[in-house]
Amino acid sequence: MKTEIAQNAYTNVSLDKSLKILQECSKKPFEKATPIPSVVNHSIEFYNHEQANIFNKEWICIGRCDEIQSTGDFLTHEIAGTPILAVRQKSGEIMGFVNACAHRFTCIVNKKSGNAFAFTCPNHAWTYGIDGKLNHAPFMDLKTDFNSKKNNLESLHTESWEGFLYITLSKNPSKKVSESLESFRNSIVGQYDMNNYQTVIRETMSWDTNWKNLIENFTESYHVPIAHPKTFAGHKKQIKDYECGEDSDHYCYHFAPQELENGPGAAHPKNTKLQGKWRRTMVDFCVFPSHLVTLMPDYLWWVSVMPQGVDEFKATWGVAVPPEILNDIAKEDYDEWLKKKIHYMNTANEEDKTLVEALYYGSQSRRLPQGTLHPIEKNLWQFTKYLSKITG
Ligand code: FES
Ligand SMILES: [Fe+2]
């Protein structure tokens with residue numbers, strides 16, 4: 001994390017003024033929509049407000065459930081500065097905790113993932129079961145009123161949806177992810193059986209830009225033929241064929257079929273669930289606030305964006321592949337196939353990083369024209385409306 005941020009014309013704009021500008025922008029009908037105002041990507045007060053009102057309250061995706069399949073498998077993550085621990089229980093359920101000891105709050109697990117039958121704090125060796133219950137606290141019997149039952153790890157609400165694992169820091173989450181996404185699942189993504197896709201990659205990356213710039217980049221495909229010559233531009237899709245989904249307080253999406261019926265980007269012959277154009281259709285969606293997915297019949301790519309300051313984010317991303325596609329890869333070819341897949345995704349990320357950081361730099365200009373959105377950039381307008389509502 002950087003210690004200093006470069007100052008620009010928007011850095012010190014107040015929260016009230018930022019909110020007012022955002023609300024004015026989000027009121028415009030899509031036909032008259034303009035890009036997200038620079039101030040919401042550069043103001044420090046607005047950033048702090050987002051941390052409190054978005055990342056400390058909303059459901060955040062931390063990975064795929066199949067990354068922790070066996071009892072005791074765990075993943076660590078971070079949400080708005082809070083270290084998170086997710087652990088598979090004997091019952092099959094996944095429990096989430098704040099990854100901080102109940103004694104004096106030392107972060108307990110430093111590994112990104114692994115398997116454990118207990119978690120021991122490195123500071124004074126308090127030891128917790130995988131269910132977060134304190135099992136052993138050395139010499140605490142010397143404290144007369146110490147109740148070990150009242151010194152468990154802080155547990156968090158968790159939910160799985162279509163194979164993705166979500167956690168929220170909220171004590172009382174207003175709605176379940178599955179409820180918020182029910183109609184989207186029924187009408188569009190349910191037919192892909194994402195639940196069965198198997199994780200093959202989990203990586204992280206850091207970019208020097210505001211987190212929302214990645215949301216915007218991911219939720220418009222207008223840039224793809226231009227910006228991704230080495231990767232996604234190869235999955236030929238006509239700009240005129242893109243459709244943007246309905247307005248929602250919880251998600252946005254767009255989709256388009258690619259030209260080729262077979263080959264990369266198309267469903268495997270053994271996939272009998274996807275029908276017609278859906279056998280070669282890509283769906284790009286965002287589960288608000290920060291979970292992005294490119295869903296294809298032959299793989300999915302997910303990203304979870306974590307702001308690290310107004311001008312920096314860290315993102316965890318992964319790739320999961322349907323079993324029928326994986327089964328076709330010979331065991332001796334798997335390592336090479338995986339290496340190529342990682343290289344492909346890293347190349348695509350690099351293609352985006354350059355232009356998104358350039359967008360961030362350009363958007364700090366004190367004087368700018370009005371700007372506009374292409375019809376297939378409707379998801380950006382929808383995201384702006386979400387942002388305005390959740391921060392207002
Ligand atoms: S802080 Fe964890 S045992 Fe003391
Ligand atoms: Fe891109």
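Two strands are said to pair if DSSP finds at least two bridges between them, and helices (H or I, at least four residues) and strands (E, at least two) are DSSP runs, numbered from the N terminus. The structure is a predicted model, in which local features need pLDDT of at least 70 and side-chain atom pairs count only at pLDDT 80 or more, while totals for chains, interfaces and linings use all residues. Residues are numbered from 1 along each chain as its sequence is written, and chains are lettered from A and ligands numbered from 1 in the order in which they are written.

**Exercise 1. Describe the open sheet of 7 strands and its edges.**

Solution. Begin with the strand order, which is 11-17-16-15-14-13-12, with antiparallel pairing. Next, look at the ends of that order: strand 11 (198-207) and strand 12 each have a single partner strand, so one side of each is left without a neighbour in the sheet. Then take one pair from the interior, strand 15 (residues 291-295) and strand 16 (residues 300-307), which are joined in the antiparallel sense over 5 bridges. Within this pair, Val293 stands opposite Trp302 in strand 16.

**Exercise 2. Place Phe218 in the fold and decide whether it is buried or exposed.**

Solution. Phe218 belongs to helix 6 (residues 211-218). A residue counts as buried if 20 or more other C-beta atoms lie within 10 Å of its own, as exposed if 12 or fewer do, and as partly exposed in between, with C-beta atoms placed from the backbone. Phe218 is buried, because 21 other C-beta atoms lie within 10 Å. For its surroundings, residues are in contact if their C-beta atoms, placed from the backbone, lie within 7 Å; leaving aside neighbours within four places in sequence, Phe218 is in contact with Asp284, Cys286, Leu292 and Val303. Helix 6 itself lies across strand 11, strand 14, strand 15, strand 16 and strand 17 (313-321), and runs at about 160° to strand 16, where axes are lines fitted to C-alpha atoms, for helices over the stretch in contact, and angles run from 0 to 180 degrees between N-to-C directions.

**Exercise 3. Check the span of helix 1 and find which of its residues are buried.**

Solution. The expected span of a helix is 1.5 Å times one less than its number of residues. The 12 residues of helix 1 (residues 15-26) should therefore span 16 Å, and the end C-alpha atoms are 16 Å apart, which agrees. The buried residues of helix 1 are Ser18, Leu22, Cys25 and Ser26. Seen down the helix axis, these buried residues fall within an arc of 95° (taken from the directions from the axis to the C-beta atoms), so they line one face of helix 1. On the other side of helix 1, Asp16 and Glu24 are exposed. The buried residues of helix 1 pack against helix 2 (38-42), helix 3 (44-55) and helix 10 (378-391).

**Exercise 4. State how many residues of helix 10 are buried and what they pack against.**

Solution. Helix 10 is mostly covered, with 10 of its 14 residues buried, among them Trp381, Phe383 and Tyr386. The buried residues of helix 10 pack against helix 1, helix 2 and helix 6, and also against strand 12 (243-244), strand 13 (251-257) and strand 14 (281-287).

Methods:
Two residues are in contact if their C-beta atoms, placed from the backbone, lie within 7 Å.
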